[in-house]
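Colleague: I would like a close look at one part of this protein, the group of aromatic side chains. Please take me through how the rings are arranged and where they sit.

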Amino acid sequence: MTKDMIAKSVSEYFVKEGGILNIVEYKGKGKDVPVKDYIIRKHFGSWNRFIAVLSKRYPVNIPEVTKAPAKKVEKKDVK
C-alpha cells in the first residue's frame, strides 16, 4: 500500500467511527481497522505525523448532529 492509499482508507474509517482516534484507541480496535498501526508508523514515522498528513490530504469532517429539544413532562399532583 502507498501512503496515499493508507491515508484514504484510514480517513474513511475515522469518519465511520465519528472522529480521529489516538494510537491507543486505534490499537484497541484489533482486526476491525483497515490498516494495522505498525504499518502506518513504518510509512509515516510516527502517529502524530500520520495525523498531520491525514488532516492535509483527507480531512475528517464529522457532521454535527442536532439534538431534539427535550420534552416537557407535566407533574401530576398526588393526593
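Modeller: Start with two tyrosines: Y13 and Y26 are both buried. This is a predicted model, and the values below are computed from it. The rings of Y26 and W47 come next: their centres are 5.1 Å apart and their planes meet at 45°, so this pair is classed as tilted. Y26 belongs to helix α2 and W47 to helix α4 (residues 47–57), so the pair ties together parts that are 21 residues apart in sequence. With a relative accessibility of 1%, Y26 falls under the 20% cut-off and therefore counts as buried. W47, at 8%, is also under 20% and so counts as buried.

A pair of aromatic rings is described by the distance of the centres and the angle of the planes. By the distance rule used here, the count comes to six aromatic pairs. One of them is formed by Y13 and Y26, which meet edge-to-face, with 6.1 Å from centre to centre and 85° between the planes. This pair also links distant parts of the chain, since Y13 is in helix α1 and Y26 is in helix α2 (residues 23–28), 13 residues apart. Y26 thus has a ring partner in helix α1, namely Y13, and another in helix α4, namely W47.

Taken together, ring pairs join Y13, F14, Y26, F44, W47 and F50 into a cluster. F14 in this cluster is located in helix α1 (residues 3–17). Its relative accessible area is 0%, which is under 20%, so F14 is buried. The C-alpha atom of F14 is 9.4 Å from that of N61, although 47 residues separate F14 and N61 along the chain. Another member of the cluster, F44, has a charged neighbour: K3 lies over the face of the F44 ring, at 5.5 Å from the ring centre.

As for the setting, the protein has four helices and zero strands, in the order α-α-α-α along the sequence. Of its 79 residues, 25% count as buried, and Y13 and Y26 are among the buried residues. Among contacts between residues at least 6 apart in sequence, 58% join residues at least 24 apart. The accessible surface of the protein comes to about 6500 Å², with 53% of that belonging to carbon and sulfur atoms.

Technical notes. Residues are numbered from 1 along each chain as its sequence is written. This is a predicted model: local features need pLDDT of at least 70, side-chain atom pairs count only at pLDDT 80 or more; totals for chains, interfaces and linings use all residues. Side-chain values use heavy atoms; hydrogens and water are left out. Helices (H or I, at least four residues) and strands (E, at least two) are DSSP runs, numbered from the N terminus. Buried means under 20% relative accessible area, exposed over 50%, partly exposed in between (1.4 Å probe, protein chains only). Contact means heavy atoms within 4.5 Å. Accessible areas come from the Shrake-Rupley method with a 1.4 Å probe; for residues, only the protein chains shown count as cover. Rings of Phe, Tyr and Trp (its six-membered ring) pair if their centres lie within 6.5 Å; planes under 30 degrees apart count as stacked, over 60 as edge-to-face and the rest as tilted. A charge sits over a ring if NZ of Lys or CZ of Arg is within 6 Å of the ring centre and within 35 degrees of the ring normal.
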